[in-house]
Amino acid sequence: MPEIEVIVPVHTPTRPIRRLAASVLQGSECDVRLRVIAHNTDPAGIRAALHEHADDPRVEVTAFDDGVHSPAGPLAFALADVSAPWFTKIDSDDHLARGALDSWLATAHRHRADVVMPRMVQEPSGVDFPTPPRRMLRTMLEPAKDRLAYRTSTMGLLASGLAPLAVPVAGLETGEDIAPSLRLWFESGRIAMADRGFPYIVGEGAGDRVTAAPRPMRAELAFVGPLALEGFWGRLSEAEKTSIVAKLIRVQLFGAAGRSGGYWADEAVEAVREALPVLVRLAPRVPVVLSRVDSDLVGELMSAAPERGVIDRLVTERRRYLGVRPLTTRPYRRTLARDAPLRFLAASFAARHFQPGLPDRG
């Protein structure tokens, strides 16, 4: 019985899975099983891409064909029968620092954690992803206080009992990992930050990642309807709901709509107008932690007859991050709230530059 089951969905043999396999098999002393799911592709090609690792008895290559261009299917397939005490997922373009699994496992045992969340580093720059924008000097994390909603990636070490929570939402072209990440962070139990020296490394290649292709905004926001039906909303505090919805509005709605040079196309405006009321109903107090600009933009978009000129003016204003209105809230007394822009931006800056992970010394 392996200690850790490593799940790798892969949909083309051009992926650098030989490097990935080496980082798992040669870089770990703990007992591992590497489960490679050949998604809508010939397993023989995947085995060839693994080179010498294909014959390693710890490697299992399994075919999964559903005809859907989404990682949700193969991941759900693999999660359905996790048998090791711990599991982790690695995207086929990525790999782990040497010794990462051993370190993560030691952290889990030392802190009696259900989840170990690693530092994520972009290759080849070595720049950290500033998520989550957590509090300084913390090993044990709390969902709302450490803004875990901003960490959509479910990479890390998870106890096998959490496999049902990690199942992605089927039928979505993108955003299938938003609901499982929220389930895991807000309902899993004890979450520990991994030792900074053992990161998850995000590969630079693969322009054809299935979740990276540009899509219409309605496809980008199709996750909102299923997310609103998740059972965890009834078990969350108002602060937790506000933290989640503030992130979704900033990143998934306003951020996605403005990716192309900050310009919102008419199609994006209509898609955001449809999604906003659903999210605001989940956390009615969310406008008080948004910036004054974003709060005004929410109000304009949710009005009966929004004016395109007003929307364009507010979209332009929200891109000036250091202005008074983008940094303050309505009412002003909430400007220093945890999820308000001033503290959120400061925490994001610190996460990138000052605390790329904590040394776990016990």
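## Exercises on strand pairing and helix packing

In this predicted model, Leu96 stands opposite Tyr200 of strand β11.

**Exercise 1.** Starting from that pair, work out which strands are joined to β11 and in what sense β5 runs relative to β11.

*Solution.* Begin with the bridges: β5 is joined to β11, residues 200-202, by 2 bridges, and the two strands run antiparallel. Next, place this pair in its sheet, which is an open one of 3 strands in the order β5-β11-β7, with mixed pairing. Finally, look at the edges, where β5 (95-96) and β7 (120-122) each pair on one side only.

**Exercise 2.** Give the strand order of the open sheet of 8 strands, and find its edge strands.

*Solution.* Reading across the sheet, the order is β3-β2-β1-β4-β9-β6-β10-β8, and the pairing is mixed. The edges are β3 (59-64) and β8 (140-141), each of which pairs on one side only. Within the sheet, two pairings can be followed residue by residue. Strands β1 and β2 pair in the parallel sense over 7 bridges, and Pro9 has Ile37 in β2 as its bridge partner. Strand β6 (residues 115-117) is joined to β10 (residues 191-193) by 3 bridges, again in a parallel arrangement, and here Val115 is found opposite Ile191 of β10.

**Exercise 3.** Determine how many residues of β1 are buried, and how they are distributed over its faces.

*Solution.* Recall first that in a regular strand the side chains alternate between the two faces of the sheet. In β1, Ile4, Val6, Val8 and Val10 lie on one side, while Glu5, Ile7 and Pro9 lie on the other, and all of them are buried, so that both faces are covered. Burial here means under 20% relative accessible area. Since 7 of the 7 residues of β1 are buried, the strand is largely enclosed by the rest of the structure. Two helices can then be related to this region. Helix α1 (residues 17-25) lies across β1 (4-10), β2 (32-39) and β3, running at about 160° to β2. Helix α3 (residues 72-79) has Ala72, Pro74, Leu75, Ala78 and Leu79 as its buried residues, and the elements covering them include β1, β2, β3 and β4 (86-89).

**Exercise 4.** Classify the packing of α1 with α2 from the angle between the helices, and describe the residues in contact.

*Solution.* Two packed helices are described by the angle between their axes and the distance between the axes. For α1 and α2 (residues 43-50), the angle is about 60° and the axes are 7 Å apart. The two helices are therefore oblique to each other. Ile17, Arg18 and Ala21 of α1 make the contact with Ile46, Ala49 and Leu50 of α2. Sorted by class, this contact has 5 nonpolar, no polar and 1 charged residues.

**Exercise 5.** Repeat the analysis for α10 and α11, adding the handedness of the crossing.

*Solution.* Helix α10 (residues 292-301) packs against α11 (residues 308-318) at an angle of about 155°, with the axes 9 Å apart. Angles over 145 degrees count as roughly antiparallel, and α10 and α11 therefore belong to that class. The crossing of α10 past α11 is left-handed. On the α10 side, the contact is made by Val293, Asp294, Asp296, Leu297, Glu300 and Leu301, and on the α11 side by Val310, Ile311, Leu314, Val315, Glu317 and Arg318. By class, the contact of α10 with α11 comprises 7 nonpolar, no polar and 5 charged residues.

Terms used:
Residues numbered from 1 in each chain as written. Predicted model: local features only at pLDDT ≥ 70, side-chain atom pairs only at ≥ 80, totals over all residues. Heavy atoms only, no water. Axes fitted to C-alpha atoms, helices over the stretch in contact; angles between N-to-C directions. Helix = DSSP H or I, 4+ residues; strand = E, 2+ residues; numbered from the N terminus. Parallel < 35°, antiparallel > 145°, perpendicular 65-115°, else oblique. Left-handed = near helix turned anticlockwise from the far one by under 90°. Contact = heavy atoms within 4.5 Å. Nonpolar A, V, L, I, M, F, W, Y, C, P; charged D, E, K, R; others polar. Pairing = 2+ DSSP bridges. Buried < 20%, exposed > 50% of the residue type's maximum accessible area, 1.4 Å probe, protein only.
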